[in-house]
Amino acid sequence: MTMSTSEAKESSSRVVIHHLNSSRSQRILWLLEELDVPYELRKYHRTSTNTAPKELLDISPLGKAPVITDGQVTLAESGAIIEYLLQKYDTEGRFSTRPWPESESGWLYDLYFTHYAEGSLQPILVRRYIFRSVPKRFPIFLRPLVGWTLGTFDKRMNQPDLEKHGKMIEDHLAKVNDWLADGEAPTRADFMMSFCLETLLSRAPDVVGPHVRAYVERIQQRPAYKRAVEKGGPYAYIVA
Ligand SMILES: N[C@@H](CCC(=O)N[C@@H](CS)C(=O)NCC(=O)O)C(=O)O
């Protein structure tokens with residue numbers, strides 16, 4: 001799956017991003033545009049059931065997006081990809097926080113939100129998506145019953161969680177400058193959280209406060225982000 005860092009640094013490769021429409025790989029496209037490194041974009045389209053096409057299984061064993069290749073490196077998992085690209089290509093540290101303990105709070109915010117994105121927030125959003133989409137897979141006469149049952153679970157399980165998460169992120173964004181780590185440029189936490197907050201806006205707009213909305217708009221207004229959308233193709237989570 002991977003190779004050693006020294007081998008990776010030595011290879012004079014070109015990054016290939018395997019991009020699935022309206023997916024987490026938008027994060028990676030945005031980062032690549034910000035980094036301004038040459039890359040090759042390979043596009044994949046979701047199937048009629050919204051899953052990834054089988055071709056992605058030829059790239060990595062789980063068949064999910066995003067995946068990158070860079071010389072002999074093949075790497076999946078958006079958090080890992082973001083760390084890898086920053087480590088290798090952000091040589092001036094434009095998208096890094098100052099390290100601990102020089103910048104105690106920014107570093108900790110960056111650490112926290114980087115892991116929180118896929119570890120805590122996105123699973124609830126996926127759960128909500130599943131609860132809402134599963135009824136459509138049932139025979140038409142069963143849909144109202146399944147829809148009502150899952151809707152009840154969604155209200156009891158997901159809604160209270162989403163309200164707490166929405167408030168926590170809103171409170172955080174209200175006290176920092178433009179970016180989660182309180183710096184002047186986005187950091188890995190912002191690249192990770194971008195997709196989560198775009199999907200939060202789409203799936204739970206009632207829990208989204210004004211700072212979160214402004215933050216998503218700020219991301220989507222960035223020239224690099226706009227280029228990423230232009231190149232990546234239609235993206236379901238544009239708000240700005
Ligand atoms: N935690 C992984 C999640 C990867 C993932 O589930 N990707 C979705 C796209 S947002 C996917 O490939 N879905 C299609 C499928 O499951 O078939 C990451 O952050 O990269």
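The ligand is surrounded by 13 residues (a residue is near a molecule if one of its heavy atoms lies within 4 Å of it). The closest are A52, K64, A65, E77 and S78. The model is predicted: local features need pLDDT of at least 70, side-chain atom pairs count only at pLDDT 80 or more, and totals for chains, interfaces and linings use all residues. Numbering runs from 1 along each chain as its sequence is written, and side-chain values use heavy atoms, without hydrogens and water.

The shell around the ligand holds six charged residues (Asp, Glu, Lys and Arg), four nonpolar ones (Ala, Val, Leu, Ile, Met, Phe, Trp, Tyr, Cys and Pro) and three polar ones (the others, Gly among them).

Polar contacts (pairs of N or O atoms within 3.5 Å) involve E77, A52 and R24. In E77, a side-chain N or O atom lies 2.5 Å from a nitrogen atom of the ligand. A52 uses its backbone: an N or O atom there is 2.8 Å from a ligand oxygen. The side chain of R24 places an N or O atom 3.4 Å from an oxygen atom of the ligand. On its own, the ligand has 510 Å² of accessible area (Shrake-Rupley method, 1.4 Å probe), and the protein covers 82% of this.

The chain is assigned two domains, by an automatic or database assignment. Domain 1 spans 5-89 and domain 2 spans 104-222. In their contact (heavy atoms within 4.5 Å), 14 residues come from domain 1 and 18 residues from domain 2. The C-alpha centres of domain 1 and domain 2 are 22 Å apart.

Conventions. Polar contact = N/O pair within 3.5 Å; in protein donor to acceptor, adjacent residues only side chain to side chain.
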